[in-house]
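Here are some exercises to work through with the model open in your viewer. Try each task before you read its solution.

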Amino acid sequence: MIFVIAFWQNVWHYGENSYYFWGIFSMTLNQLRYFCVASRCHSITKAAQELYVTQPTISSAIRELEIEFGISLFYRKGNRLVLTEEGAALYEKATRIIQYCDELKAEYASVNREKSPLRIGIPPMLSTVFFPELSDAFLEKCPQIPIMLEEYGSVRACELVQNDTLDFALVNMEWYNIDKLNRAVLTEDQVMFCVTCDHPLAGHSRITVKELAKEPLIFFNADSVVNELLKTRFEAEKYIPHVVMQSSQIYTTLQFVKKNHVGCFLYSSMVNKFDGIIGIPMDPPIKIAIGIVWKKGKYISNDMQKFLNFTVKYYRERLNDNF
């Protein structure tokens with residue numbers, strides 16, 4: 001959201017005539033939010049952690065406000081940020097602006113009988129294991145916030161976040177362009193070669209690309225990050241994978257694996273979800289990070305902030321429970 005703030009100043013009086021000039025400042029609501037959180041935390045690092053953005057994002061927002069208003073907002077006292085006199089005045093006004101905007105959004109949201117759902121993209125593999133429990137837990141805590149799940153591979157999901165088609169995406173964060181998005185890591189995993197118990201390779205404790213070079217394999221569709229990671233591994237060792245099928249459907253893939261003695265690739269956390277399937281780690285391992293991404297510079301609504309906070313906390317607690 002962009003604010004245009006107009007001010008006037010009396011510069012000359014003559015009799016009953018007054019002459020004024022108007023100045024125009026424009027700023028984003030996010031810049032004000034970042035400034036207020038940094039003010040409250042007395043730290044850019046802590047503000048970035050609380051808002052799930054990078055430290056340069058906070059620094060840039062503060063710098064742009066200082067340039068626009070021609071004032072200095074902070075000075076340093078040891079490791080703490082301290083508001084200047086001008087900064088304290090802006091903080092007071094910015095807090096009121098943010099509160100007013102939140103109240104305005106809440107007022108008009110209550111007028112509409114139907115709230116627009118949060119649009120969340122998720123790859124097929126993550127939708128099978130990661131999302132159902134998360135979405136159930138979130139809807140139990142926040143039943144007033146509808147969510148809409150749209151299934152895409154990580155590459156496509158990230159692109160749709162960038163063009164505002166999606167609000168968030170849960171993705172494999174090994175995508176080469178991930179730095180273009182705001183992101184928070186949720187958990188870590190690794191890619192497993194998956195076969196039936198009676199497959200010739202089922203007894204292996206680890207599997208190499210060389211051993212897979214002539215094996216019939218199922219890959220996911222082209223917008224899968226796992227595909228890119230596997231192709232890169234095969235190419236690095238000068239092999240071409242023998243792909244007999246590409247699919248975006250987990251259960252279709254697994255039925256094909258069970259009936260045709262072919263192999264596919266899943267995350268290690270998925271393997272025990274499916275009967276009759278075993279997972280063999282790659283050698284060397286293909287490790288991944290799974291996280292949530294959202295567009296840089298996008299206005300974060302209250303509903304989006306609640307979902308983001310809930311998701312990060314949910315996976316941190318889940319990760320701690322596993323140790």
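Buried means under 20% relative accessible area, exposed means over 50%, and partly exposed is in between, with a 1.4 Å probe and protein chains only. This is a predicted model, in which local features need pLDDT of at least 70, side-chain atom pairs count only at pLDDT 80 or more, and totals for chains, interfaces and linings use all residues. Residues are numbered from 1 along each chain as its sequence is written, and side-chain values use heavy atoms, with hydrogens and water left out.

**Exercise 1. Describe the surroundings of Ile 292.**

Step 1. Start with the place: Ile 292 belongs to strand β13. Strands here are DSSP runs of E with at least two residues, helices are runs of H or I with at least four, and both are numbered from the N terminus.

Step 2. Look up the accessibility. Ile 292 counts as buried because its relative accessibility is 0%.

Step 3. List the contacts, where contact means heavy atoms within 4.5 Å. Leaving aside neighbours within four places in sequence, Ile 292 is in contact with Phe 168, Ala 169, Leu 170, Asn 182, Arg 183, Ala 184, Leu 186, Phe 307, Leu 308 and Thr 311.

Step 4. Set sequence against space. Leu 181 and Ile 292 are 111 residues apart in sequence, and their C-alpha atoms are 9.7 Å apart.

**Exercise 2. Do the same for Leu 90: which residues does Leu 90 touch?**

Step 1. Leu 90 is found in helix α4, residues 85–111.

Step 2. With a relative accessible area of 13%, Leu 90 is buried.

Step 3. Not counting residues up to four places away in sequence, Leu 90 touches Phe 35, Phe 69 and Leu 73. Phe 35 is 55 residues from Leu 90 in sequence and 9.4 Å away, C-alpha to C-alpha.

**Exercise 3. Work out how α1 packs against α2 and against α3.**

Step 1. Choose the descriptors: two packed helices are described by the angle between their axes and the distance between the axes. Axes are lines fitted to C-alpha atoms, for helices over the stretch in contact, and angles run from 0 to 180 degrees between N-to-C directions.

Step 2. Read off the first pair. The angle between α1 and α2 is about 125°, and their axes are 8 Å apart.

Step 3. Classify it. Angles under 35 degrees count as roughly parallel, over 145 as roughly antiparallel, 65 to 115 as roughly perpendicular and the rest as oblique. α1 and α2 are therefore oblique to each other. Tyr 34, Val 37, Ala 38, Arg 40 and Cys 41 of α1 make the contact with Lys 46, Ala 47, Glu 50 and Leu 51 of α2.

Step 4. Repeat for the second pair. α1 and α3 (residues 55–69) have an angle of about 105°, with axes 9 Å apart, so α1 and α3 are roughly perpendicular. Here Gln 31, Leu 32, Tyr 34, Phe 35 and Ala 38 in α1 meet Thr 57, Ile 58, Ala 61, Ile 62, Glu 64 and Leu 65 in α3.

**Exercise 4. Find the buried residues of α6 and of α10, and say where they sit around each axis.**

Step 1. In α6 (residues 131–141), the buried residues are Phe 131, Leu 134, Ser 135 and Phe 138. They cover an arc of only 95° around the axis, so they lie on the same side of α6. The arc is that of the directions from the helix axis to the C-beta atoms.

Step 2. Turn α6 around: the face away from its buried side carries the exposed residues Asp 136 and Glu 140.

Step 3. In α10 (residues 250–260), Ile 250, Thr 253, Leu 254 and Val 257 are buried. Their arc around the axis is only 95°, which puts them on the same side of α10. Tyr 251 and Lys 259 are exposed on the other side of α10.

Step 4. Continue past the helix end: His 261, just after α10, takes a positive phi of about 55°.

**Exercise 5. Inspect the backbone at His 42, Asp 164 and Pro 284.**

Step 1. His 42 is not a glycine, yet has a positive phi of about 60°. His 42 lies in the loop between α1 (29–41) and α2 (44–51), and is partly exposed at 27% relative accessible area.

Step 2. Asp 164 has a positive phi near 70°. The loop between α7 (154–162) and β7 (168–172) holds Asp 164, which counts as partly exposed at 32% relative accessibility.

Step 3. The peptide bond from Asp 283 to Pro 284 is cis, with omega near 0°. Pro 284 is in the loop between β12 (277–281) and β13 (287–295).
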